[in-house]
Amino acid sequence: MLDCIHAGATDYLLKPIYINVIKTMFLKLHSCQPPSRIQQQKKLVTSECNDLKERIKEMTDKDIHLSKMLMDVYASPSTTFKYPNISKKRSSELKSKVCSWDFSPFGLTEQDLIHCVYLVFDQVLKLPELYHISITQAQLYDFIIDLAGVYHNQNPYHNFAHAVDVLQCLFYMLCELGVLPFTNKFLQRNKPQALLRPKDVFALLIAAIGHDAAHPGVNNVFLINSSNPLATLYNDRSVLESLHSMTLFQLLNKHGIDRLVGDSKSEAYKEFRKTVVSSVLATDMSLHSEYVLKIKQQSIRFSTNTPLTDEEERNLLCSALIKCADISNVARPFHWGTKWAELLVQEFVCQGDLEKQLGLPVLPMNDRSKVVLEDSQIGFIKFVALDLFQTVSHVLNEISFAVEQMQKNLKRWESRKEKIEFEEEEFDIVSNSSTTHMIMVETGNRNLFTKILFSP
């Protein structure tokens, strides 16, 4: 028997073969059969599932590494601030500023700006519906400080001050709409803004403060035209907005704030992430006309009582509000709007200078030799901002105050342009008269020159 086994036999039979052995021989034959098709399929599926599991795990590990590299390159925190040393008196002053449409970050220190952000979220997180998001004071400050650090404050316009300005604008408008109960305005349940729940407001405000995180100071067109790796990564679509959203969620994750909203598999977290991402992506100005059209259609639906699902209408309301806040400079008091306009033009022409150096196309609004501040603001208000704000005010009537301020600002810009044109005409007359004066002196006809220069 051993010789047979050693020779390679899988089994053996003894002679003579007994009847009991014969009766059980079919079992031996069955055990020696190849696996059935079903068994083979099960093994194959199990093998494929294990391969897929390993592949997904490897992708996840690489994605984590890629995200870390992107953060290191584009959004490495630069601030060294810890907790702001703000007195009670100063905190009260800042709280008063935050509650005013006349708010401006100009003249505020970085510590002041950080505390303004803290004040907004501290109030909102005290709403009963948000008690489950138990962020400690230290945790909230750490997040804000880190987020402030990824903004490039060397940018004239797209910096942390702009982010704070957008956040404050949204906070103020939400109070005016009655969505936030921090003023004497009451929320009417039959109004569209009643769709916005406290958790939507929290997500929207998070989107606002992070909507330009790690902005490099140039726009999407520059990144695409220069074949920047970010444009390749995000397929030339909402390149910066995708970077801002990614950066924001990396920091939310770092400080554990996203997990306080809910487990990553929970509906609460999915809603939060969807609101934040869709709101940030809505700030892509290349999609501006599409959003204005969507808001106009929303206005018709509300007026005819034929709304879409609550979730769809809610997300569009958030997009509309953050879009207004993002370009709200033109609806602020004129003295602040002018300052913002000057900073924006400064950033645009710096990009234009770089485009010229690299041999890239330069748009007129980025060309230092062509841009005119008054013309840029008049055109932007007339053809971009006013249409948006008027459309949104048809849905959310309470923000019509911003439309009125914008129309006043437009008249101021037009008056400034007329004054400049008049002064240029006067200068031309004087210049021409000086030339005439020189000619008349040479010909000895001074009386004629005097009449030309000083006649009314």
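The paragraphs below follow the aromatic ring pairs of this predicted model and then turn to a charged patch on its surface.

A pair of aromatic rings is described by the distance of the centres and the angle of the planes. Counted by the centre-to-centre rule of 6.5 Å, the model holds 13 aromatic pairs. One of them joins Phe121 and Phe202, whose ring centres lie 6.1 Å apart and whose planes stand at 85 degrees, so the pair is edge-to-face. This contact links distant parts of the chain, since Phe121 belongs to helix 6 (residues 110-124) and Phe202 to helix 9 (residues 198-210), 81 residues apart. Phe121 counts as buried because its relative accessibility is 2%, and Phe202 is likewise buried, with a relative accessible area of 2%.

An edge-to-face arrangement is also found for Tyr172 and Phe401, with 5.7 Å from centre to centre and 70 degrees between the planes. Because Tyr172 sits in helix 8 (residues 160-176) and Phe401 in helix 19, this pair ties together parts that are 229 residues apart in sequence. Here the two partners fall into separate classes of accessibility: Tyr172, with a relative accessible area of 16%, is buried, whereas Phe401, at 21% relative accessibility, counts as partly exposed. Elsewhere, Phe106, Tyr157, Trp336 and Trp340 form one aromatic cluster.

Helix 19, which spans residues 400-443, also contains Glu421. Glu421 contributes to a negative surface patch, in which it is joined by Glu418, Glu423, Glu424, Glu425 and Glu426. With a relative accessibility of 37%, Glu421 counts as partly exposed, and patches are made of residues with over 30% relative accessible area.

Notes: Residues numbered from 1 in each chain as written. Predicted model: local features only at pLDDT ≥ 70, side-chain atom pairs only at ≥ 80, totals over all residues. Heavy atoms only, no water. Patch = residues over 30% accessible without salt bridge, like charges linked within 9 Å, V, L, I, M, F, W, Y side chains within 5 Å. Areas by Shrake-Rupley, 256 points an atom, 1.4 Å probe, with all protein chains shown as cover. Salt bridge = Lys/Arg side-chain N within 4 Å of Asp/Glu carboxyl O. Lys, Arg positive; Asp, Glu negative; His and termini not counted. Charge placed at Lys NZ, Arg CZ, Asp CG, Glu CD. Helix = DSSP H or I, 4+ residues; strand = E, 2+ residues; numbered from the N terminus. Buried < 20%, exposed > 50% of the residue type's maximum accessible area, 1.4 Å probe, protein only. Phe/Tyr/Trp six-rings, centres within 6.5 Å; stacked < 30°, edge-to-face > 60°.
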